[in-house]
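Subject: Structure handover

Hello,

Here is the structure I promised to pass on to you. Please open it alongside this message and follow along as you read.

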Amino acid sequence: MVKKVETVFVGMSGGVDSSVTAALLKEQGYRVVGVYMKNWSQDLPGLPCPWKQDYQDAKRVAVQLGIDFKMYDFEKEYRHKVVDYMIAEYQAGRTPNPDIMCNQEVKFKLFLDTALADGADLIATGHYARTVHSSGNSKFQAPNLVLDPDRGSKQIPKTNDQNSKHAGLYVAANAEKDQTYFLYRVTEQALARTLMPIGDFETKDEVRALAKKLGLATAAKKDSQGICFVGKVGIRDFLSQYVTTKPGAIKDQNGIVIGEHDGAIFYTIGQRHGLDVGGGLPYYVIGKDMQKNEVYVTTDLDDENLWKNELKLTDVHWINDPPEEGKTYQVRTRYRAPLTPGKIKIAQNNTHRSTSSNREERCEVFLEESVRAVTPGQSAVIYDGDRVVGGGIVV
RNA sequence: UGGGGCGUGGCCAAGUGGUAAGGCACCAGUUUUUGGUACUGGCAUUCGCAGGUUCGAUCCCUGCCGCCCCAG
């Protein structure tokens, strides 16, 4: 029996990680097609958009590897699904996480669908995370899969639907670089089609070393950071392009006006800098009122508004089964924040719900310890050991 | 205008005759696929102004300017 050579479309950003991803999959015998997703190309004041450079770097690597290469233009959808969402959220007084939305809507929906329609069997990205498939196609297995008896067979949910594959999302071997926080909204169906070989690397140095060994053009390229399209411009300058702001009062914990800000939209809970108010102890933002255009701050690091152990989530998304009531999970309320143990209570919703969509559904999280600066608009991601259960948007 | 106090970088604030602590803010860098946090570094040739005493003054003296408090 001849095994069919599977075709995998690799999202290549022009960085090291996705370059190595493509190289590894080629080495493993896949037919690899590199794809550069053009999500944003507009220059912003002070900073030209680096998309051409990134595209060329990706292309260069593709040529080196001898793989096909193409570009998908998602600018319109990206603008609509990610940028507009982000701006609207900020205007509503929340602090959104555009990269989570980018993964949900663009990389693991639009890109996936486009690739599948374009001849792909699978897609791959350079994320620091691991997918585990039930189909047996995957060469990547979660290390603790067999070691943790508690999880047992629950790990890969059973179903009657023979056509849909099943998959789980697991944290990267390199816990420091783990990016599952940005991926919790990806669907199981998408994960079942996704490979993330970089998730098996224990250090970034190993990734770079491999890139260097393979002679990839991107081996020494500096890590990118910041919102992909905003780059180094900064959220402040970016937002200013789209919304008009007015100065307003900054009030301390006693209600005293201690300064003036240039737009409440620019501030987020827990923020310290940018207030331009000095005089003794540092001030931290504990809240804001978009209606009044006021920002509230405190010098008290123990201020009750800065620490929360109960949070409500909306727009929840569970990759596999919803969390079990009464069970203790680990919760992360912001990227790279420490995990905090807690229990999840799913809110009863009267409205009908198909199993595939959990939007509108809410839940409550009860943490064993208070965490700092829980912020509306940010996500709380729930883990069961190494497995990502899902999460929701903080209300 | 009587009495007392004070005026040190954007803010708070030590110093008090030997050549300007510290904190906040700000700036830069590090960390980071959000925002933020955190970490590291930078940041007053100058102490309200003008004179004087002194080898030497932010610190002593005089005058002026400004502020605050009490008294009235």
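Below is what was found in it, starting with two helices and moving on to charged pairs and cysteines. Please keep in mind that this is a predicted model.

**Helix α1**

A good place to begin is α1, which has 12 residues. From its first C-alpha to its last it reaches 16 Å, close to the 16 Å expected at 1.5 Å a residue. Of those 12 residues, 10 are buried, so α1 is largely enclosed by the rest of the structure. If you want to find them, the buried ones are V16, D17, S18, S19, V20, T21, A22, A23, L24 and L25.

What lies over them? The cover on the buried residues of α1 includes the strands β1 (7–11), β2 (31–38), β4 (122–124) and β7 (194–195), along with the helices α2 and α6. Just after α1 you will come to G29, which takes a positive phi of about 100°.

**Helix α6**

One of the helices covering α1 deserves its own visit. Helix α6 spans residues 204–213, and its buried residues are K204, V207, L210 and A211. Looking down the axis of α6, you will see these buried residues fall within an arc of 125°, so they line one face of the helix. That buried set packs against α1 (16–27). Turn to the other side of α6 and you will find D205, K212 and K213 exposed. After α6 comes G215, with a positive phi near 70°.

**Charged pairs**

Side chains of opposite charge can pair when their charged atoms come close. How many salt bridges does the structure hold? There are 19, and here are three of them to look at.

In the first one to visit, the side chains of R60 and D57 meet at 3.3 Å, N to O. Both residues sit in helix α2 (residues 51–65), and because they are 3 residues apart there, about one helical turn separates them. R60 counts as partly exposed, at 42% relative accessibility, whereas D57 is buried, with a relative accessible area of 7%.

Another salt bridge joins R79 and D84, with their closest N and O atoms 3.0 Å apart. Is R79 buried or partly exposed? It is partly exposed, with a relative accessible area of 31%, and D84 also counts as partly exposed, at 31% relative accessibility.

The last one brings together the side chains of D178 and R332, at 4.0 Å from N to O. This pair links distant parts of the chain, 154 residues apart: D178 lies in the loop between β6 (167–171) and α5 (188–191), while R332 belongs to strand β13 (residues 328–332). D178 is buried, with a relative accessible area of 6%, and R332 counts as buried at 12%.

Shared partners matter here too: salt bridges join D54, D57, R60 and K221 into one network. You have already met two of its members, R60 and D57, as a pair.

**Cysteines**

How many disulfides does the structure hold? The count is 0. Two cysteines are still worth finding: C102 counts as buried at 1% relative accessibility, and C363 counts as buried at 2%.

Happy exploring, and do write back with any questions.

Best wishes

Note on methods. Residues are numbered from 1 along each chain as its sequence is written. Chains are lettered from A and ligands numbered from 1 in the order in which they are written. This is a predicted model: local features need pLDDT of at least 70, side-chain atom pairs count only at pLDDT 80 or more; totals for chains, interfaces and linings use all residues. Side-chain values use heavy atoms; hydrogens and water are left out. A disulfide is a pair of cysteine sulfur atoms within 2.5 Å. Buried means under 20% relative accessible area, exposed over 50%, partly exposed in between (1.4 Å probe, protein chains only). Helices (H or I, at least four residues) and strands (E, at least two) are DSSP runs, numbered from the N terminus. The arc is that of the directions from the helix axis to the C-beta atoms. Contact means heavy atoms within 4.5 Å. The expected span of a helix is 1.5 Å times one less than its number of residues.
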